[in-house]
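New to this one? Have a quick look at the picture first, and then we'll walk through it piece by piece.

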Amino acid sequence: MIVSGYRFDIDKANQKLEQMGAQKVMLQLPDGLRRKSNVFIENLNIDVELWGGSCYGACDLPGSIGDADALIHVGHSKICGFKPEYPVIYLEGKSTVDFEVPESFVEKFIGKRVALYSTVQYIDQRDKLAEVLSEKKVDTVIGEGDRRITYPGQVLGCNYSAGVDADEHIYVGTGNFHPIGLALSIGKTVHILNPVTEFWGTTDSMVDKLLRRRFASIVISEEHDSFAILISKKIGQDRRELAEHLKSKYKNCIIIHMDEITPERVDSLGFESMVNTACPRLTLDDSIRFKTVMLTPQEFLITKKELSWENWEMDEIK
Ligand code: SF4
């Protein structure tokens, strides 16, 4: 089944539901597909209820699915390391976009060892690039990564464990945050190949811009007295142990639990700085939307002079 340019293996989902003997299923869709819920509902063979809450990633599963027998989580691949209290079927979305790999792009990598990465949605396009590179005798490598990812070479906004040693690194996909995060995690330039726009370039200037913003946030927070430490109630973003460790070191901080973390809710709490142990993208990609200064846990330690700026690292959930 193809919806909005993404292929979904709905037959497999129906087979799994049948094997479970499920009578009713809860359907969870990311923002970009919510308006297409009717297509999914029409193609599922059993009674469907729709989850109306958020769906930022596979980390963000509902706390409860009522009397449904299973959840169908659409768009993302499974994240291991946490176990919801109900069965989950992950209905991954794979982009159907076809693209020509630019020859001038490929020529840059001849004679080098090249690592390839993508999000789950663009794995097929990454494999196409791998084929083209191999025809040109370019040596390619794909890192295994840790248990938070499902596929070798897959990156999440919070996990770049697929980073591997190579001469050059190529990210195939849309959006800039994943290749920037990867570049910061491995400490190397990442080449971006966007199969939708056929744009190609590197992360260098974007990484500089992000690091300048992070440095400014740390400098501002050094003047602040009131810090809160944020813990997410979303099952796959919960870094409670890290939050409690920070709190044990700095007793005048308060821990705050939140489900939906929005600028309005964070800013209304009145803290000058917030240490975010929830999704790292809130700090590194979205911080401009918050009046409260958002810090990663490691940036908090830099603010407290426990680490130096040279120790700055990408905040990841492993
Ligand atoms: S924690 Fe953030 S980056 Fe990681 S999977 Fe969830 S939404 Fe995506």
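In what order do the strands of the open sheet with β4, β3, β5 and β6 in it, listed here by number rather than by position, lie? The order is β4-β3-β5-β6, and the pairing in this open sheet of 4 strands is parallel. Keep in mind that you're looking at a predicted model. There is another open sheet of 4 strands, ordered β14-β13-β15-β16 and also paired in parallel. Below we take the sheets, the helices, a ligand site and one loop residue in turn.

**The β4-β3-β5-β6 sheet**

- At the edges you'll find β4 (47-50) and β6, each with a single partner strand, so one side of each has no neighbour in the sheet.
- Going from one strand to its neighbour in this sheet, the turn is 25° on average, ignoring direction.
- Start at the β4 side: β3 and β4 run parallel and are paired over 4 bridges. Met26 sits opposite Glu49 of β4 in this pairing.
- Next door, strand β3 (residues 24-28) is joined to β5 by 4 bridges, again in parallel. Here Met26 turns up again, with Leu71 in β5 as its bridge partner.
- On the other side of the sheet, β5 pairs with strand β6 (residues 88-92) over 5 bridges, in the parallel sense. Look for Val74, which stands opposite Leu91 in β6.
- Is strand β5 (residues 70-75) largely enclosed or left open by the rest of the structure? It is largely enclosed, because 6 of its 6 residues are buried.

**The β14-β13-β15-β16 sheet**

- The order here is β14-β13-β15-β16. The edge strands are β14 (254-258) and β16 (293-295); each has a single partner strand, so one side of each is left without a neighbour in the sheet.
- Neighbouring strands in this sheet are turned against each other by 30° on average, direction ignored.
- Strand β13 (residues 227-232) and strand β15 (residues 273-276) run parallel, with 4 bridges joining them. One spot to check is Ile229, which stands opposite Val275 in β15.
- Helix α6 (residues 204-221) packs on this sheet and touches β15 and β16, with its direction at about 110° to that of β16.
- Helix α7 (residues 240-249) packs on the sheet too, touching β13, β14 and β15. The direction of α7 makes about 165° with that of β13.

**Strand β10 and its partners**

- Strand β10 (residues 168-172) is largely enclosed by the rest of the structure, because 4 of its 5 residues are buried.
- One partner is strand β8 (residues 113-118), which pairs with β10 in the parallel sense over 5 bridges. In that pairing, Val114 stands opposite Glu168 of β10.
- Another partner is strand β11 (residues 191-193), joined to β10 in parallel over 3 bridges. The bridge partner of Ile170 in β11 is His191.

**Where two helices meet**

- The axes of helix α5 (residues 177-186) and α6 come within 10 Å and cross at roughly 75°. That crossing makes α5 roughly perpendicular to α6.
- Which residues make the contact? From α5 they are Ile180, Ala183 and Leu184, and from α6 they are Met206, Val207 and Leu210.
- Sorted by type, the residues of this α5 and α6 contact are 6 nonpolar, no polar and no charged.

**Around the ligand**

- Which residues are around the ligand? They are Tyr56, Gly57, Cys59, Leu156, Gly157, Cys158, Gly236, Gln237, Cys279, Arg281 and Ile317.
- By type, the shell around the ligand divides into 6 nonpolar, 4 polar and 1 charged residues.

**A loop glycine to look up**

- Gly5 lies in the loop between β1 (2-3) and β2 (6-7).
- Is Gly5 buried or exposed? With 12 other C-beta atoms within 10 Å, Gly5 is exposed.
- Setting aside neighbours within four places in sequence, Gly5 is in contact with Ser95, Thr96 and Val97.
- Gly5 and Gln121 are 116 residues apart in sequence, while their C-alpha atoms are 10 Å apart in space.

Notes: Residues numbered from 1 in each chain as written. Predicted model: local features only at pLDDT ≥ 70, side-chain atom pairs only at ≥ 80, totals over all residues. Near = placed C-beta within 6 Å. Nonpolar A, V, L, I, M, F, W, Y, C, P; charged D, E, K, R; others polar. Buried ≥ 20, exposed ≤ 12 C-beta atoms within 10 Å, placed from the backbone. Pairing = 2+ DSSP bridges. Axes fitted to C-alpha atoms, helices over the stretch in contact; angles between N-to-C directions. Contact = placed C-beta atoms within 7 Å. Parallel < 35°, antiparallel > 145°, perpendicular 65-115°, else oblique.
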